[in-house]
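Please open the model in your viewer and keep the sequence panel beside it. The stops below say what to select next and what is there.

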Amino acid sequence: MAPGRVSPTVQDEPINPYNGGYLKTSHGINHDYGTTKAGGTTDILEKQMSQKFGDWRDDFFTNGYTVVKGAIPRERAIQYRERAMEWFQKFDFGFDINDKSTWTQEHLPVMMNGGMIMGYSATHEKWVWEARCEPGVIEPFAKLWGTDELLVSFDAVNITLPGRTDVRWTPWPHIDQSPTRKGLVCAQGIINLSEAGPMDGGLQLLQGSSELFERFFIENPPRPKAKDAPGQFDWYGFTLEEVEWFKNNGCKLIKVEAEPGDVIIWDSRTVHYASLPKSEIIRTIIYATYTPANLATPEDVALKADIFRRWEGTTHWPHCNIFAQGKAMRGDILCPGERDEPLEKPELTDQVLKLAGVLPY
């Protein structure tokens with residue numbers, strides 16, 4: 001049985017052949033597949049794949065994804081969403097939530113593919129860190145990894161406005177694991193703060209694609225990255241023909257459904273991309289991934305701590321592939337609205353500092 005509520009039939013859309021839209025600074029450095037060392041590898045998750053747990057982990061290991069229901073109580077998740085929208089409206093670009101004529105690029109922060117906000121110290125806002133520290137969010141990852149001594153990614157937030165006509169949006173199917181890594185190594189996550197029903201914005205994935213990961217790259221050796229693809233090591237984009245290969249081998253495109261307070265967790269080998277809202281719901285999520293702190297090298301921990309002190313974002317990977325996303329650019333210049341620190345800094349508790357790699361466990 002598939003986890004959570006799903007929409008099993010998703011209309012195919014044209015594929016973005018360029019995998020663009022990332023911050024320019026994220027593809028200014030290219031960690032290529034041939035020469036970059038795949039650090040941080042572990043078999044902790046791989047060894048669990050044949051086990052039966054009687055909970056959401058069975059769905060995760062069987063289907064490559066799961067929905068952990070009610071990780072944050074619904075009312076509190078809605079409060080996080082409200083805080084996210086209050087923060088979003090404080091940019092000085094002329095955006096008015098009640099005037100859709102201002103729902104255009106010139107009135108909004110720089111966003112990847114119409115929703116992902118990687119700059120502006122967004123990933124370190126107080127409301128983001130408080131959501132990351134929710135016990136119900138951390139607990140599933142602690143259960144997967146067998147430890148509560150975890151690091152967390154400084155990942156993006158996503159606020160996708162429905163009905164925008166100024167964005168040329170096409171899907172960008174990809175995985176967040178290098179084709180040179182073997183096995184199940186990372187379980188990435190979304191803290192869901194808005195409704196994600198059949199017509200709402202959300203996560204789409206090719207169910208079953210994680211199981212075909214190694215076979216695909218044996219039959220289809222990795223291509224060099226496009227010049228505008230993200231530079232981090234643990235990322236690979238797929239063409240329309242390659243997506244058809246997965247479908248022809250039994251994979252099904254699934255729209256994952258979730259409610260405010262749910263956490264979506266998926267295998268980083270799973271081919272996935274976002275679905276734009278077709279309803280009036282503003283998609284509001286936080287990307288958050290947790291991995292054991294002891295998987296990180298001292299050098300990666302130091303780099304992660306330095307990025308934290310600069311209030312910048314990273315990739316989905318918390319313990320390795322420590323790759324700073326940099327600042328938001330409008331064209332070739334730094335966005336005038338960029339920030340060197342969050343509008344509201346998080347409280348620097350021991351928990352926050354340990355998750356950030358600043359304090360040891």
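**R74 and its partner**

Begin by selecting R74, which at 40% relative accessibility counts as partly exposed, where buried means under 20% relative accessible area, exposed over 50%, and partly exposed in between (1.4 Å probe, protein chains only). This is a predicted model, in which local features need pLDDT of at least 70 and side-chain atom pairs count only at pLDDT 80 or more, while totals for chains, interfaces and linings use all residues. Residues are numbered from 1 along each chain as its sequence is written, and side-chain values use heavy atoms, with hydrogens and water left out.

Now add E195, whose side chain meets that of R74 in a salt bridge (2.6 Å, N to O); the term stands for a side-chain nitrogen of Lys or Arg within 4 Å of a carboxyl oxygen of Asp or Glu. This pair links distant parts of the chain, since R74 lies in helix α2 and E195, 121 residues away, lies in the loop between β7 (187–192) and β8 (202–207). Helices (H or I, at least four residues) and strands (E, at least two) are DSSP runs, numbered from the N terminus. E195 is partly exposed, with a relative accessible area of 21%.

**Along helix α2**

Next, select residues 74–88, the 15 residues of α2, which reach 21 Å from the first C-alpha to the last, close to the 21 Å expected at 1.5 Å a residue; the expected span is 1.5 Å times one less than the number of residues. Which residues of α2 are buried? They are A77, Y80, A84, M85, W87 and F88. These residues cover an arc of only 160 degrees around the axis, which puts them on the same side of α2; the arc is that of the directions from the helix axis to the C-beta atoms. Showing β3 (116–117), α3 (126–132), β5 (157–160) and β13 (283–287) brings up the elements against which the buried residues of α2 pack.

**Into the nonpolar cores**

Stay with W87 and display its contacts, meaning heavy atoms within 4.5 Å: W87 touches I117, A122, E125, W127, V157, I159, R339 and L343, not counting residues up to four places away in sequence. The largest nonpolar core has 61 residues, of which W87, F88, W129, L144, I265 and Y290 touch the most other members. Such a core is a set of buried Ala, Val, Leu, Ile, Met, Phe, Trp, Tyr and Cys residues joined through side-chain atoms within 4.5 Å. Apart from the largest core lies another, of 20 residues, including W169, I254, I264 and W266.

**Other charged pairs**

The structure holds 19 salt bridges, and two further examples are worth selecting. R164 and D166 meet through their side chains at 3.0 Å, N to O; R164 is buried, with a relative accessible area of 17%, whereas D166, at 25%, counts as partly exposed. E244 and K247 meet at 3.8 Å, N to O, and, being 3 residues apart in helix α6 (residues 240–248), they are separated by about one helical turn. Finally, select D55, R57, E139 and K143, which salt bridges that share partners join into one network.

**Last stop: the cysteines**

How many disulfides are there, counting pairs of cysteine sulfur atoms within 2.5 Å? The count comes to 0. Select C320, which is buried, with a relative accessible area of 3%; its sulfur is 7.7 Å from the closest cysteine sulfur, in C186, too far for a bond. C251 is also buried, with a relative accessible area of 8%.

Key
A disulfide is a pair of cysteine sulfur atoms within 2.5 Å.
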